[in-house]
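Okay, thanks for making time, everyone. I'd like to walk you through one model today, mostly its rings and what they pack against. Let me put it up on the screen.

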Amino acid sequence: MKQGVKFGILTILLIGVLVGAYFAYQNLKGDGEQITKATTAQTQSHGENGNVGAQASDFKAVDINGNDIRLSDNFGKPIVLNFWATWCGYCVEELPAFEEVYKEKGDSVQFMMVNLTDGKRETLKSATAFLKEQAFTFPAYFDTYGEALTAYSAYTIPLTLFINSDGTIADKHLGALDKNTLESKLSELS
């Protein structure tokens with residue numbers, strides 16, 4: 001009987017360890033990955049950076065050819081500023097809508113699709129391979145300096161800002177966008 005009790009206790013302990021390991025893995029796996037599929041009602045600004053009506057904060061990023069570019073280089077034309085990463089499921093889900101709208105309106109609106117390239121979780125190599133594999137043609141930029149992330153506190157993605165040609169923020173959307181919502185927000189830009 002002693003052996004049966006020991007076996008029962010060991011079985012309970014093993015189950016406890018497995019359950020604990022599962023939850024620990026889930027927490028580690030999701031570390032830093034705050035993804036929200038927001039509704040249209042959740043588009044108002046949050047945090048201190050990127051408030052609607054404020055001047056857009058400038059930052060430096062790298063284009064697909066390795067050249068530095070600043071957000072302010074694009075003032076004078078309405079801008080769609082999107083923050084994304086390949087590990088973000090909702091980001092990947094919305095990118096085809098951005099590609100479609102870019103092909104339709106890319107002459108009148110500057111698209112800045114900023115990949116949160118931290119060199120660890122998202123590398124320049126993995127991000128460019130993804131873009132090539134998916135055949136996306138929108139202008140992609142890489143936040144290798146971390147300036148874009150900091151300027152807009154883009155810790156929860158996807159995050160899209162709609163910036164008027166004078167550099168003021170017209171709207172902000174947290175969460176995945178569909179084509180109709182994207183087009184609607186673009187029609188409000190000046």
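**Rings, core and one helix**

Let me start with Tyr-155, which counts as partly exposed because its relative accessibility is 49%. Before I go on, keep in mind that this is a predicted model. Tyr-155 is in the loop between α4 and β7, the latter being residues 156-157. Now look across to Phe-83: the C-alpha atoms of Tyr-155 and Phe-83 are 9.4 Å apart, with the two positions 72 residues apart along the chain.

So, Phe-83: buried or exposed? Its relative accessibility is 0%, so Phe-83 counts as buried. And what is Phe-83 in contact with, once we leave aside neighbours within four places in sequence? There's Cys-91, then Val-114 and Leu-116, then Ala-148, Tyr-152 and Ala-154, and finally Ile-157, Pro-158, Leu-159 and Leu-161.

That takes us to the core. The largest nonpolar core has 45 residues, and Phe-83 is among those with the most contacts inside it, along with Phe-59, Leu-81, Tyr-152 and Leu-186. Strand β4, residues 79-84, supplies the largest share of that core, with five residues. As a general reminder, nonpolar side chains in soluble globular proteins tend to be buried together.

Okay, aromatics. How many aromatic pairs does a search of the whole structure find? Six. One of them is Phe-83 with Tyr-152, a tilted pair at 5.9 Å centre to centre, with 40° between the planes. Phe-83 belongs to strand β4 and Tyr-152 to helix α4 (residues 147-152), so this pair ties together parts 69 residues apart in sequence. Tyr-152 has 1% relative accessibility, so Tyr-152 counts as buried.

Then there's Tyr-102 with Phe-111, an edge-to-face pair, 5.6 Å between centres and 80° between planes. Here Phe-111 counts as buried because its relative accessibility is 0%, while Tyr-102 comes in at 22% and so counts as partly exposed. The cut-off for buried is under 20%.

We also get a cluster: Trp-84, Phe-130, Phe-136 and Phe-138 form one aromatic cluster.

Two rings have a charge over them, too. Lys-60 lies over the face of Tyr-145, 4.2 Å from the ring centre. Over at Trp-87, the charged end of Arg-121 sits above the ring, 4.0 Å from its centre.

Back to Phe-130 for a second, since that residue brings us to helix α3, residues 124-134. Which residues of α3 are buried? Ala-127, Phe-130 and Leu-131. Looking down the axis of α3, these buried residues fall within an arc of 95°, so they line one face of the helix. That fits the textbook picture: an α-helix has 3.6 residues a turn, so residues three or four places apart point the same way. On the other side of α3 we have Lys-125, Lys-132 and Glu-133, which are exposed. What do the buried residues of α3 pack against? That would be β4, α2 (89-105), β5 (110-115) and β6 (140-142). Right after α3 comes Ala-135, with a positive phi near 60°.

One last stop, and a polar one for a change: Asn-74, in the loop between β3 (68-70) and β4. Asn-74 counts as buried because its relative accessibility is 12%. Beyond its neighbours within four places in sequence, Asn-74 is in contact with Ile-69, Ile-79, Gln-110 and Met-112.

That's my tour, so over to you.

Conventions: Residues numbered from 1 in each chain as written. Predicted model: local features only at pLDDT ≥ 70, side-chain atom pairs only at ≥ 80, totals over all residues. Heavy atoms only, no water. Core = buried A, V, L, I, M, F, W, Y, C linked by side-chain atoms within 4.5 Å. Buried < 20%, exposed > 50% of the residue type's maximum accessible area, 1.4 Å probe, protein only. Helix = DSSP H or I, 4+ residues; strand = E, 2+ residues; numbered from the N terminus. Contact = heavy atoms within 4.5 Å. Phe/Tyr/Trp six-rings, centres within 6.5 Å; stacked < 30°, edge-to-face > 60°. Lys NZ or Arg CZ within 6 Å of the ring centre and 35° of its normal. Arc of directions from axis to C-beta.
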